[in-house]
Amino acid sequence: MIPISEILNKDNFSREEIIRLLASENEDRSALFACSAKVKEENVGNIVYFRGLIEFSNICGKNCFYCGIRKGNKRANRYNLTDDEILEAARFAYESNYGSVVLQGGELEGEAFTLRIERLLHRIKELSDGRLGITLSVGEQTREVYRRWYEAGAHRYLLRIESSDRELYYKIHPRDKNHSFERRLQALYDLRDTGYQVGTGVMIGLPFQTTDHLAGDLLFMKALDIDMCGMGPYIEHADTPLWEYRDQLLPLEARFDLALKMIAVLRLMMKTINIASATALQAIDPIGREKALKIGANIIMPNITPGVYRDDYKLYENKPCTDEEAADCKNCLEARIHMSGNKIGYDQWGDSLHFKERN
Ligand code: 5AD
Ligand code: SF4
Ligand code: FES
């Protein structure tokens, strides 16, 4: 077996080499993190960009087996922010110089939904003199809908593939036309063709998932030539079907560690993309997001959802910041990011350098 230090010197990793990196321990693990931290610093610098996250509704038409706000969960307390509440949150982001917002919600389709998002995009652009960048994260839609939203001002889109392995995909989603692996893939291609900066990602530590799957996920992201990634640990939720497999999961700390390694290896494989430090990292480790920023991530999504709704956007247990308001997270994150040795890129879109390179 070749030593890890030699793998780290390569420009391209094989599946086996990725698996070795994901399994690294002790000095090897430290060498991986030192290397990914350096690659981050050299390629995207030590600036962290903010995306104010507005979780505007937890009403979802889908039934993903892992998610606490799945349609079938009768215990979820459903909410839908008013347009004014959403615009108020966007205004907060603008006035706080966050540079960008993310509109995230459950997956819904239809003309009423399309129009609503379209209207919101126009109004967010208006209230910020065109200065706020807008990322959408509202799931699978038709090409036509993606085009309309792009024209209305969205320029980045997040759509996690959740798992790039078809078989595993269907172990964590119902096998029906509402949850088609092929359609999700097609949506990623459509987004790219439309002109968006495209982000995807996976959950780490899912039941039935192996490091081989995870290595495949990283190779998938590389092959898709993505611009952005958001990935974090899977955290079981009691009101979901996958709860049944909770005894088969890796311990939380191991899932956390694997998520950090996934971020580190992806940074080595795709040096100039934007990588988000997922909120779920902080559900496991109180300084989890800072740790990810140190070893490769460069994006943080401060929650700016009005506090009263936060507890209901519960995709997983132990989600942080549910008792806070937007201003609390702002102060908290400023302090945390300075402590992590990074600077905040206020008032900038902080677009993916990779996107610029490929255009
Ligand atoms: N644990 C971790 N992440 C989850 N998500 C949904 N449910 C969970 C969970 N139980 C993630 C999915 C989705 C994103 C919005 O939240 O990856 O794409
Ligand atoms: Fe809906 Fe997304 Fe949750 Fe699936 S993961 S149930 S699409 S909110
Ligand atoms: Fe929300 Fe710290 S980031 S309270």
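Biologist: Which residues does Trp 149 touch, not counting residues up to four places away in sequence?

Modeller: The model is predicted. Leaving out residues up to four places away in sequence, the contacts of Trp 149 are Phe 113, Thr 114, Ile 117, Glu 118, Leu 121, Leu 136, Val 138, Gln 141, Ala 154, Tyr 157 and Tyr 196.

Biologist: Which residues of the largest nonpolar core touch the most other members?

Modeller: The largest nonpolar core has 104 residues. Those that touch the most other members are Ile 54, Trp 149 and Met 231.

Biologist: Which helix gives the largest share of this core?

Modeller: The largest share comes to 11 residues. These belong to residues 252-269, which form helix α10.

Biologist: How many residues are in the second, separate core?

Modeller: Tyr 49, Leu 53, Val 102 and Ile 299 are among the members of this second core. The total for that core is six residues.

Biologist: Is Ser 137, listed by UniProt, buried or exposed?

Modeller: The unreviewed UniProt entry lists Ser 137 under "binding site". In the model, Ser 137 lies in strand β4, residues 133-137. Buried means under 20% relative accessible area. Ser 137 has a relative accessibility of 10%, so it counts as buried.

Biologist: Which residues does Ser 137 touch, not counting residues up to four places away in sequence?

Modeller: One of the residues it touches, Val 102, is also included in the second core. With residues up to four places away in sequence left out, the full list for Ser 137 is Val 102, Leu 103, Gln 104, Gly 105 and Leu 158.

Biologist: How far apart are the end C-alpha atoms of residues 46-274?

Modeller: The unreviewed UniProt entry annotates residues 46-274 as "domain: Radical SAM core". Over this stretch the chain is 40% helix and 16% strand. Its end C-alpha atoms are separated by 12 Å.

Biologist: At what angle do the axes of α4 and α5 cross?

Modeller: Helix α4 covers residues 83-95 and helix α5 residues 111-127, and their axes come within 10 Å. The crossing of α4 past α5 is right-handed. The axes cross at roughly 35°.

Biologist: How do the residues of the contact of α4 with α5 divide into nonpolar, polar and charged?

Modeller: On α4 the contact is made by Asp 83, Asp 84, Ile 86, Leu 87, Ala 90, Arg 91 and Tyr 94. On α5 it is made by Arg 116, Arg 119, Leu 120, Arg 123, Ile 124 and Leu 127. The division is seven nonpolar, no polar and six charged.

Biologist: What separates the C-alpha atoms of Ala 31 and Tyr 94?

Modeller: Ala 31 lies in helix α3, residues 26-44, and is partly exposed at 31% relative accessibility. Along the chain, Ala 31 and Tyr 94 are 63 residues apart. Their C-alpha atoms are separated by 39 Å.

Biologist: Which residues of α12 are buried?

Modeller: Helix α12, residues 288-295, is mostly covered, with six of its eight residues buried. They are Gly 288, Arg 289, Glu 290, Ala 292, Leu 293 and Ile 295.

Biologist: What is the phi of Gly 296?

Modeller: Gly 296 follows α12. Its phi is positive, near 155°.

Biologist: Is Asp 129 buried or exposed?

Modeller: Asp 129 is in the loop between α5 and β4. Its phi is positive, about 55°, although Asp 129 is not a glycine. Exposed means over 50% relative accessible area. Asp 129 has a relative accessibility of 67%, so it counts as exposed.

Technical notes. Residues are numbered from 1 along each chain as its sequence is written. Chains are lettered from A and ligands numbered from 1 in the order in which they are written. This is a predicted model: local features need pLDDT of at least 70, side-chain atom pairs count only at pLDDT 80 or more; totals for chains, interfaces and linings use all residues. Side-chain values use heavy atoms; hydrogens and water are left out. UniProt positions are given in the numbering used here, feature names are shortened, and annotations may be inferred rather than shown by experiment. Helices (H or I, at least four residues) and strands (E, at least two) are DSSP runs, numbered from the N terminus. Buried means under 20% relative accessible area, exposed over 50%, partly exposed in between (1.4 Å probe, protein chains only). Contact means heavy atoms within 4.5 Å. A nonpolar core is a set of buried Ala, Val, Leu, Ile, Met, Phe, Trp, Tyr and Cys residues joined through side-chain atoms within 4.5 Å. Axes are lines fitted to C-alpha atoms, for helices over the stretch in contact, and angles run from 0 to 180 degrees between N-to-C directions. A crossing is left-handed if the near helix is turned anticlockwise from the far one by less than a right angle, and right-handed if clockwise. Ala, Val, Leu, Ile, Met, Phe, Trp, Tyr, Cys and Pro count as nonpolar, Asp, Glu, Lys and Arg as charged, and the others, Gly among them, as polar.
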